[in-house]
Amino acid sequence: MNTQTSSNSQNVYSTLSTANRLRVSDGSIKPVLDGCSNSSQLLVLIWSQLGDFDNLEYAWWLNRERAKLEAKQVTIRAVGIGDRNSGIKFCDYTGFPPEWLFVDPEAQIHKDLQLYQGLNINFPLLSTSQKAWLNLMLMCAGIASPGTLAEVFRGYKGDKKAPQLIGDEEIVRDTPLPNIKGSFFKAAGGKGFQRPFELATLRLRNMTEVLSNWNTYVPNSSYLTQRGATFLFDSQGNLIYEHRDKGILGFAEDKSNPLSFLLNA
């Protein structure tokens, strides 16, 4: 577990507690930590663009483990880059509660927390959007984005340290491929762990969703390379865990079990 005691880390809660952003559920400007004062544990997620595959995957894990998180009485808040329409679309697709999600259209909270902005090569003659796209493509190739290629390959080759992701009777729809039944992965590699192509299939579904609704998820492509972070606080507002994303698909320290820092603590 990455426990922090530096003065910079101690200032994280102060920054978050004074931040006001638009809440997706009702469109009102509210404190990001509104309603969190009595939390035994507070999980704050600073997400990148809401169309970023990292965030869709993160929300999938939170939904999968919701019962365990509720049993541990964990309060969750998230801030993503986008507008209210981005947030509504994100919540509709992922099942993430809109009352937990706030949006920051210019990634100001990311700047305040000094999160990694990603590759930022200033290509001449290109627009801001075009520069962001090209930098993003380079990051997808692993440039200034450590661990990205290894994580992509893990999605295809499987991971025996990770749990099974798709039930045998579950049907994976809404991809360019024919509907896939979970038992297909059992035939391909067994059961009880992440089988070959299992994670890649879920990522393909996410990619199809985002590309089909790109302008909604990403109303401003200037912040495509901006990365996010995870912060966990105790009941006194002390920071007990943090993870700052270093690259694409780097939203978790333990990629096999992204919520292990919380559920196994």
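This is a short talk on a predicted model, covering its confidence, its sheet, and its cavities and largest pocket.

Okay, hi everyone. Let me start with confidence, since we're looking at a prediction. The average pLDDT over the chain is 94, and 96% of the residues score at least 70. The stretch to be wary of is residues 1-7, where the pLDDT is below 50. In the model that stretch has 13 contacts beyond near neighbours in sequence, and I'll leave it there.

On to the sheet. How many strands does the open sheet have, and in what order? There are 7, and reading across you get β2-β1-β5-β4-β3-β8-β9, with mixed pairing. The edges are β2, residues 29-31, and β9, residues 239-244, and each of those pairs on one side only. From one strand to the next, the twist averages 30°.

Let's walk in from the β2 edge. β2 pairs with β1, residues 20-23, in the antiparallel sense, over 3 bridges. If you want a pair to click on, take L22, whose bridge partner in β2 is I29.

Two helices to point out here. Helix α2, residues 53-64, packs on the sheet and touches β3 (41-49), β4 (74-81) and β8 (229-234). The direction of α2 makes about 155° with that of β3. Helix α4, residues 84-94, also packs on the sheet, and its contacts are with β1, β3 and β5 (101-103). For α4 the angle is taken against β5, and that comes to about 150°.

Now the other edge. β8 and β9 run antiparallel and are joined by 5 bridges. In that pairing, F233 has L239 of β9 as its bridge partner. The two strands make a hairpin with 4 residues between them, and in the turn G237 has a positive phi of about 80°.

Right, empty space, which I suspect is what you came for. How many cavities of 30 Å³ or more does the structure hold? There are 2. The largest contains about 40 Å³ of space. Its lining is E57, E151, R154, R203, L249, G250, F251, A252, K255 and P258. By class that's 5 charged, 4 nonpolar and 1 polar.

The second largest cavity comes in at about 30 Å³. Around it you find W47, S48, D54, N55, Y58, R227, G228, D245 and F251. The elements giving two or more residues to that lining are β3 and α2, and α2 has the largest share with 3 residues. The split by class is 3 nonpolar, 3 polar and 3 charged. If you compare the two lists, F251 lines the largest cavity and also the second largest.

Last stop, the largest pocket, with a volume of about 690 Å³. Of the 27 residues lining that pocket, the closest to its centre are F53, C140, R203, M207 and L249. You'll recognise R203 and L249 from the lining of the largest cavity.

Which helix supplies the largest share of the pocket lining? That's α9, with 6 residues. The elements supplying at least two residues each are α2, α6 (128-140), α7 (148-157) and α9 (198-212). So α2 turns up once more: it packs on the sheet, it contributes to the second largest cavity, and it contributes to the pocket.

As for the character of the pocket lining, it has 18 nonpolar, 4 polar and 5 charged residues.

That's all from me, happy to pull any of it up on the screen.

Notes:
Residues numbered from 1 in each chain as written. Predicted model: local features only at pLDDT ≥ 70, side-chain atom pairs only at ≥ 80, totals over all residues. Heavy atoms only, no water. Pairing = 2+ DSSP bridges. Axes fitted to C-alpha atoms, helices over the stretch in contact; angles between N-to-C directions. Contact = heavy atoms within 4.5 Å. 1 Å grid on protein atoms, 1.4 Å probe; cavity = no way out; pocket = protein on both sides within 12 Å on 5 of 7 lines; lining within 4 Å. Points joined across faces, edges and corners; volume = space filled by probe spheres on them. Nonpolar A, V, L, I, M, F, W, Y, C, P; charged D, E, K, R; others polar. pLDDT = per-residue confidence, 0-100.
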